[in-house]
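Trainee: I have a model open and want to learn to read it feature by feature. Where do we begin?

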Amino acid sequence: MPRMQDLLANNVHVQSKGAIDENAQAIEITDLSFDYGGRNPVPILSNVSLTIERGSRVLLVGANGAGKTTLLRILAGKRLVKGSVRVFGHDAFLDAPKGVTYLGTEWAGNPIVKADLSVGYLLQSMGGDRFAERRDRLLEVLEVDVDWHMHQRSDGERRRVQLVMGLMAPWNLLLMDEVTVDLDVLVRSQLLQYLKEETEQRGATILYATHIFDGKCLSQWPTHLAHMADRTVLSCNSTETSPEYNLFKQYHKEQQLLDSPLMSLCIDWLRRDKERLLRARQAQGSERRLSETDKPKTRWDELSEDMKTYGDKYYNYWSGQP
Ligand SMILES: Nc1ncnc2c1ncn2[C@@H]1O[C@H](COP(=O)(O)OP(=O)(O)OP(=O)(O)O)[C@@H](O)[C@H]1O
């Protein structure tokens with residue numbers, strides 16, 4: 001029989017050490033830097049500073065590899081870092097507060113969730129009866145049947161069960177890393193609406209990384225947009241007051257464009273991020289080429305220059321050609 005601890009390892013992460021500080025910000029990061037180590041460590045995050053107020057719903061936007069998962073996992077207390085990372089006033093790694101839930105994509109790949117287990121059994125093993133009211137509401141929102149057997153369900157249905165399991169115990173901070181990717185649009189919009197209510201009714205906070213910008217469903221959801229690029233969080237502004245977002249909203253209104261201004265803004269961000277990255281790489285490349293021309297010439301350099309000008313005399317010699 002699979003152990004529930006195994007099932008949840010690295011996926012649903014509910015911290016349970018210290019009580020939360022009522023006056024502290026939900027998230028307060030100062031000068032965070034991080035790399036994954038190794039012989040030649042590559043900086044992944046550099047000098048990140050970010051403050052997120054309680055009750056916020058923050059959409060974390062960035063290109064593939066921008067560092068969203070890394071940041072969410074750091075906030076979930078999974079990595080020791082340079083700099084200060086505080087969640088509800090506590091150090092995220094050394095003194096994690098209660099009520100932090102991390103939902104990552106790893107769970108879906110776990111073979112245990114494809115075992116012949118009923119949803120009812122899974123939820124009960126996780127103490128579902130203690131949170132009966134929340135559990136039943138989530139079963140309704142995510143349209144999950146307790147009689148389902150996990151090995152007979154689709155990927156999206158299994159993901160819905162994961163979400164019931166992960167969200168059942170009350171949380172104060174939810175770190176969500178693209179776990180809605182295989183939900184159908186209706187269930188996804190029901191889930192986003194439910195999460196919105198959680199933040200409005202209980203003052204809970206959500207940081208959500210996604211690449212799916214499906215029109216109205218998402219554009220009316222966030223209270224803040226955080227933009228990750230260049231190994232840092234470039235900005236985190238309210239959706240109400242963000243000058244960039246307001247420009248896009250205005251433009252879409254004037255042009256009577258039907259697609260989402262949020263998606264247009266994010267495409268614009270990512271396009272500009274990529275252009276900056278390319279320019280930086282080109283500058284690095286020309287710097288490298290420049291420093292190569294400064295190096296003293298070797299015998300090999302002379303021979304290859306000679307060869308470029310006069311052809312391969314040695315080849316011609318051996319082949320008997322003049
Ligand atoms: N275990 C690891 N060891 C070394 N480098 C890693 C490791 N995990 C991630 N990285 C690197 O860290 C960078 C940030 O990765 P991360 O997964 O945080 O990005 P992301 O923004 O979540 O990307 P995506 O949108 O594709 O999920 C990437 O360049 C990645 O190659």
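Mentor: Begin with one residue, M168, which lies in the loop between α5 and β8 (173–177). Keep in mind that this is a predicted model.

Trainee: Is M168 buried or exposed?

Mentor: Count neighbours. A residue is buried if 20 or more other C-beta atoms lie within 10 Å of its own. M168 has 24 other C-beta atoms within 10 Å, so M168 is buried.

Trainee: Which residues does M168 touch, not counting those up to four places away in sequence?

Mentor: M168 touches M126, G128, F131, R134, R135 and L138. For a distance along the chain, take E178, 10 residues from M168. Their C-alpha atoms are separated by 18 Å.

Trainee: R135 and L138 sound like helix residues. How do I read a helix?

Mentor: Start with the periodicity. An α-helix has 3.6 residues a turn, so residues three or four places apart point the same way. Now take helix α4, residues 132–141. Its buried residues are R135, L138, L139 and V141. Seen down the axis of α4, they fall within an arc of 165°, so they line one face of the helix.

Trainee: Which exposed residues sit on the face of α4 turned away from its buried side?

Mentor: A132, E133 and E140. The cover over the buried residues of α4 includes α3 (119–125), α5 and α6 (185–202). After α4 comes E143, with a positive phi near 50°.

Trainee: What about α2: how many of its residues are buried?

Mentor: 6 of its 8 residues are buried, so by the neighbour count α2 is mostly covered. The buried ones are K68, T70, L71, L72, I74 and L75. Just after α2, G77 takes a positive phi of about 80°.

Trainee: Which element gives the most to the shell around the ligand?

Mentor: Helix α2, residues 68–75, with 3 residues. The ligand is surrounded by Y36, I44, G62, N64, G65, A66, G67, K68, T69 and T70. Sort that shell by class: 3 nonpolar, 6 polar and 1 charged residues.

Trainee: Now the nonpolar core. What is the general idea?

Mentor: In soluble globular proteins, nonpolar side chains tend to be buried together. Here the largest nonpolar core has 72 residues. Those that touch the most other members are V58, L60, L75, L142, V164, L175 and A226. Helix α5, residues 155–167, gives the most to this core, with 5 residues.

Trainee: What is V164 in contact with, leaving aside its neighbours within four places in sequence?

Mentor: V164 is in contact with L123, R135, L138, L139, L142 and V144. R135, L138 and L139 are among the buried residues of α4.

Trainee: On to strands. In what order do the 4 strands of the open sheet run?

Mentor: Read it as β3-β2-β5-β6, with antiparallel pairing. To find the edges, look for strands that pair on one side only: β3 (43–52) and β6 (90–91). Inside the sheet, take strand β2 (residues 27–35) and strand β5 (residues 82–87). They pair in the antiparallel sense over 5 bridges. For the register, E28 stands opposite R86 in β5.

Trainee: Where can I look at parallel pairing?

Mentor: Go to β7 and β8, which pair in the parallel sense over 4 bridges. T101 stands opposite L174 in β8.

Trainee: Which way do the residues of β7 point?

Mentor: V100 and Y102 point one way from strand β7 (residues 100–103), and T101 and L103 the other way. All of them are buried.

Trainee: Which residues other than glycine have a positive phi in the loops?

Mentor: Two cases to compare are R231 and Q256. R231 has a positive phi of about 65° although it is not a glycine. R231 is in the loop between β10 (224–229) and β11 (232–238). For Q256, phi is near 50°. Q256 is in the loop between α8 (243–254) and α9 (261–294).

Trainee: How many other C-beta atoms lie within 10 Å of R231, and how many of Q256?

Mentor: R231 has 19 and is partly exposed. Q256 has 6 and is exposed.

Trainee: What do the totals for the protein chain say?

Mentor: The secondary structure comes to 11 helices and 11 strands. Of the 322 residues, 34% count as buried. Now take contacts with a separation of 6 or more: residues 24 or more positions apart account for 73% of them.

Notes:
Residues are numbered from 1 along each chain as its sequence is written. This is a predicted model: local features need pLDDT of at least 70, side-chain atom pairs count only at pLDDT 80 or more; totals for chains, interfaces and linings use all residues. A residue is near a molecule or strand if its C-beta atom, placed from the backbone, lies within 6 Å of it. Ala, Val, Leu, Ile, Met, Phe, Trp, Tyr, Cys and Pro count as nonpolar, Asp, Glu, Lys and Arg as charged, and the others, Gly among them, as polar. A residue is buried if 20 or more other C-beta atoms lie within 10 Å of its own, exposed if 12 or fewer, and partly exposed in between; C-beta atoms are placed from the backbone. A nonpolar core is a set of buried Ala, Val, Leu, Ile, Met, Phe, Trp, Tyr and Cys residues joined through C-beta atoms within 7 Å. Two residues are in contact if their C-beta atoms, placed from the backbone, lie within 7 Å. Two strands pair if DSSP finds at least two bridges between them. The arc is that of the directions from the helix axis to the C-beta atoms.
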